Structure formats: structure tokens, C-alpha cells
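Biologist: Please walk me through this model, one question at a time.

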Amino acid sequence: MNHQTQIGIVGAGPAGLILSHLLRLEGIDSVVLESRSREEIESTVRAGVLEQGTVDLLVHMGLGARMIREGAVHHGIHLRFAGYTHRIDFATHADGRAITVYAQHEVIKDLVAARLATGGKILFGAKCTGVIGADGSKPTVCFTHEGREQTLHCDFIAGCDGYHGVARPAIAAAGRSDYVRIYPFGWFGILVEAPPSSDELIYAYHERGFALVSTRSPVLQRMYFQCDPKDNVDNWSDDRIWAELHTRLETKDGWKPITGKIIQKNIVGIRSFVTEPMQHGRLFLAGDAAHIVPPTGAKGLNLAAADVRVLSRGLVEFYRSGRTSTLDGYSATALRRVWRAEHFSWWMTSMLHRFPDGDKFQQRLQLSQLDYVCSSPAAAKTLAENYVGLAIG
Ligand code: RFL
Ligand code: PHB
């Protein structure tokens, strides 16, 4: 079967769904192809931290009501090391901007529901197998759906299919440069049925490794700790997890996380990745399809949203005036923000994790950096303004 649309969007993650909404607001037609089921994308636990700019964008799109009602606005974060906790205040150091803790799969639920309610076309269980003709004026996405091979003919294709998708490989390796860093550790994530242990996120540096206390709701908490990327969740009983978190998070004044039933455990590898350029002919990459950041900076979803904001501006300009200057500049505009986030995420990761080959000298440098961030207003501002999100692009 052959389908036709203006913008073919591969992937119903934050990038693909936000793009489809932004285009609808401007009267531009799109079809979203998603390999997984609606249930699966609406239940996969991933990000939690939304920058002010992402929150503002969702509100502008008319999709902020539940996020404003149920999300938690945080005006600072805690850095914990050497047994003490230090607060980085966003009011002082980030011009009063804030972050909102609201789970990525809740954002996905809101986006899918609103898109379907306004007649949007999202094909679930539609696995894209390739992109052809990106150099010409009518590129095509090939996909399988309900057991049949099908095609989607478009004016433009947005590759929003994440790190393991098919859009990036459709750009010949000779036509792009990939920049990669793999870190020698992973993150062990848990979901816990318990009230919050802290009113704001805690990023902890400990000689046994990094730990993070985040939240999801008044009754559900999200915590992480650095682990061996090849480790297996089955090696970690609940008692062992709590013992490790207690050790890494304890303070001189006896702080302890509130424990509860652990209802989910998973391990993710940590990497940095960027491909340049983020466009080839009429194929544009956005979000994790083009770049990955370690989650320590809480930037991935926010970058995905920022990419498609720029891309939608270019597409709107094209359909209004036929001009392609914003589209032509898409990669350069997006990459400026991407590389800032790459540096910030690498910096946070380097400061807060235990490196297996790190010697005592490196540990002293990390402690000195943390001490500087917590005692110098200039250093605190650097962390805070990057964390809440810079106005780039
Ligand atoms: P996604 O979310 O991966 O969506 C891509 C979609 O494409 C589909 N797909 C295909 N569809 C059709 N055909 C194919 N061949 C396809 N191949 C793939 C997939 O099924 C999927 O639905 O990419 P997108 O939209 O670019 O969004 C990126 C974000 O999901 C990601 O950057 C964040 O989760 C990163 N992240 C965080 N970001 C933040 O901004 N704040 C955070 O607090 C934060 N915490 C995190 C995170 C990522 C984490 N992990 C899992 C590494 C915490 C963790 C632990
Ligand atoms: C989360 O709540 O999942 C989360 C919070 C902060 C991060 C990464 C993930 O830096």
C-alpha cells in the first residue's frame, strides 16, 4: 500500500510526537510511523527532568495541563559529597528559571492522546525498514505494517527514531562524521513505591560511585546508582540495592533514603554520541537519532524537543514562502545547542562518577571541582544555567 503526506516522521518518541504537533498547529500534514505498540511507548520508563524551555513549549502547544497539575517544579538541586549536602539554587544562579519533574512516558501519553484526538495519524506497529530518495524531491519511507510492506511518500522525512533507528544509517557513512565516547560504567535504575526521600534531586559523589535520588510522584520514586555496564539486575537483591544506596548517600548527620517496594530494576549503558551533519537532502535527523548524552545532565529529551522546534520553524518557512534558509541551517543551528549539552553532560558525568582507572589524584580533582561549584557563585551559575537550559537556537 502507498501512503502520501507532507512530512513523514519515523518514531513516536518525544521528538517525533512534538514535531507532529508543532506542524499541525501550522496546518502542515504529517504521518508518524512507530515500530512499537501504543501500550509499550506509554509505559517505557526513561527521563524525568524537563527544562523550563521544554515545559514552555508543551504549554504553548496546549499540552501542559496535566504536566502543570501533576509535575513537580524544582527550584534547585543538591550536590552531595564527603558526607555533606550543598544546594545549588536556581533562583540565585539561573535567573529564577526552574525544572519540572514529570515522567517521559506521561509526556508521551499526553502527546499521543492529543494527537489522536485532533485526527493525527500515528501508525503503531509500523517498522521502518529504510529511507530512499532523500536526495530527490519526493523521498520515501519503506515500512512493514500488519504484515505488509508499505511506502510513505513525503516532501520531507524527519528521522526521529532514536539511537538504534534506520534514519541515521540511511545517510552514507562517507557523508557524515560520528563522534563517540563510551563510559566504563552504567546506571542501575529503580522505581520504588515510597514517598519522596528529598524535596529536590540529589546528585551524590562517593568513592563507591555515583548515586542519584529523583522522584516521580508523591508515592513513586526514581533512584539510580552507577554500576558495571555488564552487570545483571538479577545479581541485585532489594537488600543489596538498599545497602549500596545507603552507603553512597549517607551524610554526617545521618540522612537515609526512604525505602519501599522496588517495582522495577534496569541497567543502561552510558555514552556520548553526535553525528554531523544532522541532515542529508530532504532527510532531517532529530533527538537521539542524531545525538546521545549521558543522563547525568538530564538533557536528552530536552534536546529532542529543541531540535524539532528548529526543524518545524524551517518547514513552516518552506511551506509559507518556498524559502529554505532555515531548513538549510537546521544542522548548524541544532548542533550549537547539542554540543553545549554534550559538554555539560560529559562534565557532570566526569565530576560525579567513579572511573575504574581513576587514581587518588583524579578523586581529589573531582572533590576540588565539586567544592568549587558549591562555593563559587560563578561556578554554581555555570552548572545552574546549563542545567535549567540555555537559550540557544
Ligand atoms: P526515543 O525516545 O528513543 O524515540 C524513538 C522512537 O522511534 C521508534 N523507532 C522506530 N519506529 C519505526 N521504525 C523503526 N525502525 C524504529 N526504530 C525506532 C522507537 O520505538 C521509539 O519509540 O527518541 P527521541 O524522541 O529522540 O527522544 C529522546 C529521549 O527519549 C531521550 O533522550 C531521553 O530519555 C534521555 N533521558 C533524559 N532526558 C532528559 O531530557 N531528562 C532526563 O531526566 C533524562 N533522563 C534519559 C534519562 C535517558 C535514560 N536512559 C534510558 C539512557 C534517564 C535515563 C536512565
Ligand atoms: C530521572 O528522574 O529519571 C532523572 C533525573 C535526573 C537525571 C536523570 C534522570 O539527571
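The exchange below covers the sheets, the ligands and a few unusual backbone spots.

Modeller: First, the ground rules: this is a predicted model, where local features need pLDDT of at least 70, side-chain atom pairs count only at pLDDT 80 or more, and totals for chains, interfaces and linings use all residues. Residues are numbered from 1 along each chain as its sequence is written, chains are lettered from A and ligands numbered from 1 in the order in which they are written, and side-chain values use heavy atoms, with hydrogens and water left out.

Biologist: Which strands are the edges of the sheet of eight strands?

Modeller: Helices (H or I, at least four residues) and strands (E, at least two) are DSSP runs, numbered from the N terminus. Two strands pair if DSSP finds at least two bridges between them. The sheet is open and mixed, in the order β7-β6-β15-β16-β17-β14-β18-β21. The strands that pair on one side only are β7 (84–89) and β21 (291–292).

Biologist: What is the bridge partner of valine 213 in β17?

Modeller: β16 covers residues 211–217 and β17 covers residues 220–227. They pair in the antiparallel sense, over six bridges. Opposite valine 213 in β17 sits its bridge partner, methionine 223.

Biologist: At what angle does helix α7 run to β17?

Modeller: Helix α7 (residues 238–249) lies across β6, β14, β15, β16, β17 and β18. Contact means heavy atoms within 4.5 Å. Axes are lines fitted to C-alpha atoms, for helices over the stretch in contact, and angles run from 0 to 180 degrees between N-to-C directions. For α7 and β17, that gives about 80 degrees.

Biologist: And what angle does helix α10 make with β18?

Modeller: Helix α10 spans residues 330–352 and packs on the sheet. It touches β14, β15, β18 and β21. Its direction makes an angle with that of β18 of about 130 degrees.

Biologist: How much of the accessible area of ligand 1 does the protein cover?

Modeller: Start with polar contacts (pairs of N or O atoms within 3.5 Å; within protein, one must be able to donate a hydrogen and the other to accept it, and residues adjacent in sequence count only if both atoms are side-chain atoms). Oxygen atoms of ligand 1 lie 2.6 Å from a polar side-chain atom of glutamate 34, 2.9 Å from an N or O atom in the side chain of arginine 36 and 3.0 Å from a polar backbone atom of valine 49. Accessible areas come from the Shrake-Rupley method with a 1.4 Å probe; for residues, only the protein chains shown count as cover. Of the 1,000 Å² that ligand 1 has on its own, the protein covers 89%.

Biologist: Which element gives the most residues to the shell around ligand 1?

Modeller: There are 33 residues around ligand 1, each with a heavy atom within 4 Å of it. Elements giving two or more are α1 (14–25), β3 (30–34), β10 (127–132) and α8 (300–321). The most, four residues, come from α8.

Biologist: How many charged residues does the shell around ligand 2 have?

Modeller: Among the 15 residues around ligand 2, Tyr203, Ser214, Arg216, Tyr224 and Pro295 come nearest. Ala, Val, Leu, Ile, Met, Phe, Trp, Tyr, Cys and Pro count as nonpolar, Asp, Glu, Lys and Arg as charged, and the others, Gly among them, as polar. By class, the shell has nine nonpolar and three polar residues, and its charged residues number three.

Biologist: Which side chain has an N or O atom 2.6 Å from an oxygen atom of ligand 2?

Modeller: Arginine 216 offers a polar side-chain atom at 2.8 Å from a ligand 2 oxygen. Proline 295 has a backbone N or O atom at 2.8 Å from one. The 2.6 Å contact belongs to serine 214.

Biologist: Which residue in the hairpin of β11 and β12 takes a positive phi?

Modeller: Most residues other than glycine have a negative phi, and most peptide bonds are trans. β11 (residues 140–145) and β12 (residues 148–153) pair in the antiparallel sense, and their hairpin has two residues between the strands. The residue with a phi of about 50 degrees, although not a glycine, is glutamate 146.

Biologist: Which residues does the cis peptide bond join?

Modeller: Proline 277 is found in the loop between β18 and β19 (279–280). Omega of the cis bond is about -10 degrees. The bond joins glutamate 276 and proline 277.
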